[in-house]
Amino acid sequence: MNANLVSVLIRTFNRPVTLAKAVDAVLQQTHRPLEIILVNDGGQAVDLELKQQAIQQQVAFTLVNLDTNQGRSNAANVALKKAAGKALLFLDDDDWIDPSHVAGLLKVLQGDSELIAAYSDTACVFSAANPEVQKVFDYEFDPLHLAYENYLPIHSVLFKNNALTQACQFNTQLDVYEDWNFWLQMAEKGSMQRVPGVTAWYSAQLSGVGFGVSIQGFSAELAKFFKLSAPFYSAEQISVMLFMCRNFFSVAKANKHHEEVVSQLQLSLLETNRRQEQEVSIDNQLGQLTKDFQMVKMQQQQQQLAFEIALTNEAKVVNNQLNQLAKTISINKIEQQQAQQQASLQAEMLTQLQAQQQQLQATMNENLYAIRMLAQQKSGVAAWPWVTKISSKMRTLLQLIIVGDLQGIKIRLLRNTEGVLKKIRRWFTATPVASVSAAVSITAAEPITAAEPFVNANGITLLCTAHTEFVAKLLQQQLKSFGLTVNNLFVKGAGDAELPQYDTSLHIIICAQLFKKMPARYVVFQMEQSVSSRWFDANYAHILNNAEAVLDYSKTNLAYLQEQQGVPFAKLYYLPISNLPVNSLSVNSSSTSQENLVDYDVVFYGDVHNPRRKLFLDAISKQFKTLIVSEVFGEALYAQLQRAKVLVNIHYYEGALLETTRIYEALSLGLNIVSEVSVDQADHAVLNPWITFTPIGDLDAMLQAIQTQLDKPRSLAELPTDLAGAKFHVGRLLVGLGLISPLAVKTLPAVLSQPAMQQPLCLSMPESYERHATFRERHPSVGVFHGLRFNIGWIGCALSYSYLAQQALLQGNDYLEVWEDDVVLSPAALQRWQKAKDLFLTLETKPAAESSTALSKPCDLLSGLLADVSDATQILDYFERDGESYVIIDRMISAVCNFYGKKPLTYMAGWDCMNQDVHLNTMDRYLEKKDLRVLVPLPFVAGHNPEQDSTLWGCQNSQYDTMIAASEAKLYDKLERFKLERITNGGVG
């Protein structure tokens, strides 16, 4: 049983509308894990859509249908038996709770082992539509008070599920006050604690108690309650109860006699009226029966006449159908003969077209080869993607020839010929881009001169809502830095008219669910938090799945979009929010100096209609002069924010992701920030030196952090631009979508410092969330590099290695250690790997004095795993050190776990991204052809995780282990031959 599992128990009977609202209130809870136990007490069938909604929200759902209505108490007991949670909460189907209700009560309940239950304040309203508060139950826990008043509405209490509480049951003899009886039982077992603040509501309009029950009924139920509850009263409670009951029954007795007299008079009057009504009713019934008999007779006559007419018409229709069928059979025979003649003619034409196709294919292959060779001679001109497009267009043309679509051939020739010729002419007149080679030392990256953006003449259009204008400005700056044309961004705000007519440009839409229609080509920047599913409806899912790509600032969201929304991996791109240079956001000038404008201690901006935020802000406002800003954007917002010394960031949900848009926007204004940590805090380590983070929900810690910042503000004078590496990730996106040439990779900014690149690095893609998360969980201290992407997966992988090699050499590093995210390295394997690295560096600097001449030369590369040892692989040497065996081979074979020296780094930096031959130019095959000396421990140090899907080939890697085992066996076989040859030649075995 999960120690944090909370079970919410719901009883329902024929109230589907309010039931749906109650279930939704549970699904909105910030706490997880949760389960719902829903007991249908013999009522109409429960909508199974509720269960689907719960599953989508990661909430377990159990539905119990009782055959007959057995009463509220029995339904509650059934729910108690089914509950698996460590803590339980009842919620009637007409009540509702705040999203923080469970989390707040559970924190208190788990914090004190002596408590048996914790409860919140509860407001009684007439209905959800009429929310005026009629009464608030906000009493501190007092067993004596509980003796004469039930001040614990059933859904206000969260209680432990243990041996003590399991002894408490609802009394099935009680139709009213059953929860009061239950709380008396529980209060006898232990203490309860009030948690101040209204987080529960119930509707007096629909309450199961208090409506349709007379004073006599209440008296009888109250008497029954006291009789059945007496065993649970203490001596002090009984004294209080007797005093209250004595006053109650003295008044009730006087009322009872009066009501009996009135009741007798009412019965006499009702009996007289009943007899008169019966006489009138009998006369009316006789008259109605006579009318009904006459009506039935008339209807029978009309039906008989209608039947005779219908029978005559049907006979006519059948005769017409028979005649038409005979004509159709005759026509089909003629058409069949014509079809046979046409098929014979088409077969003859197809034979001729196939012969023409073979001849055209051979000619086209020769031309494409010539074009590509000529393009590559231009020293890196970005021609290859357009050659690929020409190849694609020619294949389409061949298909049209095969099917004989002459009109389609004509249209495509007219549309494409001139554009293709222009591109070819441009390839061979563009300025070449300098390439990295083994003989040229790497200097600062040059601007792109030949990597022409592959977008149409209309460029890119940015669309955003008013509250995401900062994100649009950040994107606009980064896109322009890659030479792309960015149209004026359109900001959608309250009351805006319909969008103007969309053009043919590629649109990047931020918060696309707020726009009424989509353009023909669009990319969505998804900004919602997946911890709440309120935005992820069917319409938004349709928008996301029809986009050319979906960008997201959160790795947590990436997992949700794939698992819950069905957005494929190929469409998803991680794009973190980052900052602009300090004070780069424009603010209207004023005659008042900036210093005089700072007249508040603290500022908060965002939605404050949330109990959690309100609790924090009320406390902050009591201690500091606080400015709260809402529904203000752009320059007006920036002018307000700069009036305070410290900005606070408070989560809307306790389990929220970090609000990076708000934080980076404030950093760009040079503001000091105090923020709660988030559930995805590990993804935002770069912010730690610049922001004061406090624990989630710790109000005291936030107040202290604000005071510290006011006393000694953090200096942001040296705040780096682009903390989160937005430019790198925008470039990664553009290359991945084919909007700029892969040649642009060499101009991407550095995202790893020199010290970081001197430590092991993991090559991983955040969009492949399962692989990414699994590696980070196994190796939390290892840095992760977000691998580059391309529409051909292995090219994106090779671009990643080439980029890392370029960066290592630019930073003056002679070594680079790279693991792939499906590597398996146990603690014992890590120790072996460290010994192998120490040995590799020793061989690199001081060759060991061995009889073998091979060891007189340093090694170039250390490999922890070989995936595919070819027959041509040669063993250059074999030796042992510190109980480990090593071989030196003549080629690099795989890249799962490698330690690269300067020589392979130089080769990798000069890898040719224009060569798309998968058999020759994957990075490992490319290096396999180079002159390298590779040190390999035996047995292999690293393992491989077969459960992870391949990000290159889109399949599971289970067959990879078979290849690795075969490679290791082949290497051992080669080693045995090598030893035998050494002995034969007189060497040392």
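This is a short chat about a sheet and the nonpolar cores in a predicted model.

Reader: Let's start with the open sheet. What's the strand order?

Author: The order is β17-β16-β18-β19-β20, so to speak from one side to the other, and the 5 strands pair in parallel.

Reader: Why do β17 and β20 each have one side without a neighbour?

Author: Both stand at the edges of the sheet, β17 at 626-629 and β20 at 692-694, and each has a single partner strand, so one side stays free of a neighbour there.

Reader: And how many degrees does the twist average?

Author: From one strand to the next, the twist averages 25 degrees.

Reader: How many bridges join β19 to β20?

Author: There are 3 bridges between β20 and β19, which covers residues 672-676. In that pair, V674 stands opposite T692 of β20.

Reader: Which strands does helix α18 lie across?

Author: Helix α18, residues 660-668, lies across β16, β18 and β19. Its angle to β19 is about 165 degrees.

Reader: New topic: the largest nonpolar core. Which residues have the most contacts inside it?

Author: Those are F525, L667, Y900, L935 and L971, in a core of 139 residues. Helix α23, residues 793-810, gives the largest share, 11 residues.

Reader: What is F525 in contact with, leaving aside neighbours within four places in sequence?

Author: Its contacts include V471, L475, I509, I510, L551, Y553 and I577. D552 is also one of them.

Reader: Which residues does the second core include?

Author: That separate core has 45 residues, among them L66, A83, M192 and Y202.

How values were computed:
Residues are numbered from 1 along each chain as its sequence is written. This is a predicted model: local features need pLDDT of at least 70, side-chain atom pairs count only at pLDDT 80 or more; totals for chains, interfaces and linings use all residues. Side-chain values use heavy atoms; hydrogens and water are left out. Two strands pair if DSSP finds at least two bridges between them. Helices (H or I, at least four residues) and strands (E, at least two) are DSSP runs, numbered from the N terminus. Axes are lines fitted to C-alpha atoms, for helices over the stretch in contact, and angles run from 0 to 180 degrees between N-to-C directions. Contact means heavy atoms within 4.5 Å. A nonpolar core is a set of buried Ala, Val, Leu, Ile, Met, Phe, Trp, Tyr and Cys residues joined through side-chain atoms within 4.5 Å. Buried means under 20% relative accessible area, exposed over 50%, partly exposed in between (1.4 Å probe, protein chains only).
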